[in-house]
Amino acid sequence: MTRDPHPSPSSAAAPASGAAAFLLGDRALTPPGRPLVMGILNATPDSFHAASRVDARAAADLARAMADAGAELLDVGAESTRPGSAPVDAEAELRRLLPVVEAVRRVCDLPLTVDTRRAAVARAALDAGADGINDVSAGRDDPELLPLAAARGAGLVLMHMQGTPATMQTAPAYADPVAEVRAFLAGRATAAEAAGVDPRRILVDPGIGFGKTLEHNLALLRGLARAAGGRPCLLGASRKSFIGRLTGAETPDRLGGSLAAAAAALDAGAAVVRVHDVAATRQFLDVLAAIRR
Ligand code: HH2
């Protein structure tokens, strides 16, 4: 990863070893021949992986530990979007999120995204030092979110989801998941650009587990590069239920399967992997990338 407070368009646009460079706020990030590792912090009482749940005090410790373990970005969310989850109201989301963003910012300067579908929440987090917005609704839930990202020069993750978290696993259906996710992501990226977002600030994400069966998730992991359509891509597969469906393992025992998904991200030239296990993922990717070189 290189950090350049004054990125030039050419340095941000030059692809490095397969994965495209991108901007997160004013930071130019260049994947070093493998996906950058983004650590997950959840300011929630109910995120599906209990070890990712933090309050402000625990967030400072976890952020520091993740930085020491080799995290290159962090993502903080305050609303679980696991299958069957109900939305939290904006006030509660902000009450949970802000102290955690502030605590993370006090202990480390890593590039930081906030996982929210709400412009008001994102605005407050950007004011508190976040660099980007990770929107699992890809700008569909709040019409103010794309204009906010544009106005603030924020990084923007646009994720595919079929349905809503409350209902998405009821009966997901696709004729061709890779082609449909690719078309959706291309359309949302175009919408973001139309709202004024710099294309170098956009990452796309197939949304593993968001309105997908096991077969849909596997098709997207196989077809990740095609689904991304040439844009920098983020993959979030860490400890998700497709690993349990394949292996019978419960959430605390899904690290091995998560690393297999990280290998798929490396092979597809993904820019970022969003993970719960920073140390193991960094070591895995560093070694696998060296072998593949
Ligand atoms: N997955 C989760 C949440 N946010 N954002 C992106 N861009 N991509 C993902 O795959 C993704 C995401 C779900 O994981 P987690 O945050 O650990 O769980 P929960 O939603 O239960 O808090």
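## The sheet

In this predicted model, 8 strands line up as an open sheet, and the pairing is parallel. Reading across, the order runs β8-β7-β6-β5-β4-β3-β10-β9. The edges belong to β8 (202–205) and β9 (234–235). Each of those has a single partner strand, so one side of each is left without a neighbour in the sheet.

For a look at one pairing, take β4 (residues 73–77) and β5: they run in the parallel sense and are joined over 4 bridges. Within that pair, L74 sits opposite L112 of β5. Over by the β8 edge, helix α6 (residues 177–194) packs on the sheet and touches both β7 (155–159) and β8. The direction of α6 makes about 150° with that of β7.

## Salt bridges that span the chain

Now for the charged side chains. The structure has 21 salt bridges, and a few are worth a stop. One of them joins R27 to D131, with the closest N and O atoms 3.1 Å apart. In sequence these two are 104 residues apart: R27 belongs to strand β2 (residues 27–29), while D131 lies in the loop between α4 (119–127) and β6 (132–135). Both partners, R27 and D131, are buried.

Another one involves the sheet directly. D115 in strand β5 and R274 in strand β10 (residues 272–275) are 159 residues apart in the chain, yet their side chains meet in a salt bridge at 3.3 Å, N to O. D115 and R274 are both buried as well.

## A pair with unequal exposure

E93 and R118 also form a salt bridge, and here the closest N and O atoms are 2.6 Å apart. E93 is in helix α3 (residues 90–107), whereas R118 is in the loop between β5 (112–115) and α4, a separation of 25 residues.

How buried or exposed are the two partners, E93 and R118? E93 has a relative accessible area of 0%, so it counts as buried. R118 comes out at 23%, which means it is partly exposed, given that buried requires under 20%.

## A small network

Not every salt bridge here is a simple twosome: D26, D198, R200 and R201 are linked in a network of them.

Note on methods: Residues are numbered from 1 along each chain as its sequence is written. This is a predicted model: local features need pLDDT of at least 70, side-chain atom pairs count only at pLDDT 80 or more; totals for chains, interfaces and linings use all residues. Side-chain values use heavy atoms; hydrogens and water are left out. A salt bridge is a side-chain nitrogen of Lys or Arg within 4 Å of a carboxyl oxygen of Asp or Glu. Buried means under 20% relative accessible area, exposed over 50%, partly exposed in between (1.4 Å probe, protein chains only). Two strands pair if DSSP finds at least two bridges between them. Contact means heavy atoms within 4.5 Å. Axes are lines fitted to C-alpha atoms, for helices over the stretch in contact, and angles run from 0 to 180 degrees between N-to-C directions.
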